[in-house]
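Colleague: I'm new to reading models like this one. Could you walk me through it?

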Amino acid sequence: MTVTLPPDSPGIETAAGLLRAGQLVAFPTETVYGLGGDARSDAAVAGIYAAKGRPSFNPLIVHLPDLLAVEGLAEVGPNARLLARAFWPGPLTLVLPLRAGVGLSPLVTAGLKTVAVRVPAHPLAQALLRAFAGPVAAPSANPSGGVSPTRADHVLAGLAGRIAAVLDGGPCAVGLESTIVLADPEPVVLRPGGVPVEALAALLGRPIRQDADDGRPTAPGQLASHYAPVAGVRLNATMPAPGEVLVGFGAVQGALTLSERGDLAEAATRLFQTLREADALAGPGGTIAFAPIPDTGLGRAINDRLRRAAAPRG
Ligand code: TXA
Ligand code: MG
């Protein structure tokens, strides 16, 4: 029922045609696979929430091919412009004031006056956005609360039969979702991700507040249990307890490893695939133990995802 489309012009044209017909198509970005639908269509956007089992008060990111297209939908303030020029196309999402009357389905923003927008760098995402020539709403292409997909087969494992197609672009290079920033007037990071917070701060020449994780639904993906495997998760482990699957990093060696040479970018790329492999090894009722990851650069985003994977299940 769900077609796998090849990463070539016919595949892209078919994907764009399905989007035009109001269907849902998963597509690769450099961060994770997105579950795309026409952001102007209430039916398509409602379909995204339904396919994921996602609460409709959790708004979606709108994907566009460039800053010019973003300016058609939202107001780009001074900090936002600096960040967009430096990090787009790329793993950065900006939360911007929504312009009135631009035709977005109100379901995309869950009724907020702001819209989250991203210009992805992946060539297939770029090609699809240009072929479709409209705004594409796309959350990560996984059932709500589960592990984000970094390969087409991850998408199929969670959503086969519920979406029209997946455009297969192979594994995602970054492997972690975009960094979400509310840029103006005061820059605030709502979710750490593929652009390290240090890089944002260096560009703006000022420290950037990280949104306190105090339960406010500024970026609902931030809350409570998320990225949850079936097995339990224990953090900062240096030795496996009996029966645990240890995931190593650097000097800590495990049954699996995020990066033997202690490289954070490699660990980010491998995180979600490794979580899936460890989950299969541990089995239901088992536990996955993760080696400590340094809390700098991409390590902050990795630790954010690991804490959510380890959080008590709702
Ligand atoms: O890398 C990514 O960002 C991937 C790829 C597909 O682009 N997308 C992604 O989408 O991670 P999703 O839906 O899994 O996460 C989007 C996050 C959610 O936490 C949502 O609450 C937040 O963005 N968000 C969306 N609109 C918002 C808004 N107006 N204000 C604050 N947060 C918003
Ligand atoms: Mg997600």
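Modeller: Sure, one term to begin with: a residue is buried under 20% relative accessible area, exposed over 50%, and partly exposed in between (1.4 Å probe, protein chains only). Here, 56% of the 314 residues in the chain are buried. This is a predicted model, where local features need pLDDT of at least 70, side-chain atom pairs count only at pLDDT 80 or more, and totals for chains, interfaces and linings use all residues. Residues are numbered from 1 along each chain as its sequence is written, chains are lettered from A and ligands numbered from 1 in the order in which they are written, and side-chain values use heavy atoms, with hydrogens and water left out.

Colleague: How do I read a pair of packed helices?

Modeller: You describe them by the angle between their axes and the distance between the axes. Axes are lines fitted to C-alpha atoms, for helices over the stretch in contact, and angles run from 0 to 180 degrees between N-to-C directions. Helices (H or I, at least four residues) are DSSP runs, numbered from the N terminus. Take α8 (residues 264-282) and α9 (residues 298-310): their angle is about 20 degrees, and their axes lie 9 Å apart. So α8 is roughly parallel to α9, a label for angles under 35 degrees.

Colleague: Which residues of α8 meet α9?

Modeller: Contact means heavy atoms within 4.5 Å. Among them, Leu264, Leu271 and Phe272 in α8 meet residues of α9 that include Ile302 and Leu306.

Colleague: What is the overall extent of the C-alpha trace?

Modeller: Along its principal axes it spans about 60 × 50 × 35 Å. As for contacts between residues at least 6 apart in sequence, 68% join residues at least 24 apart.

Terms used
Helix = DSSP H or I, 4+ residues; strand = E, 2+ residues; numbered from the N terminus. Parallel < 35°, antiparallel > 145°, perpendicular 65-115°, else oblique.
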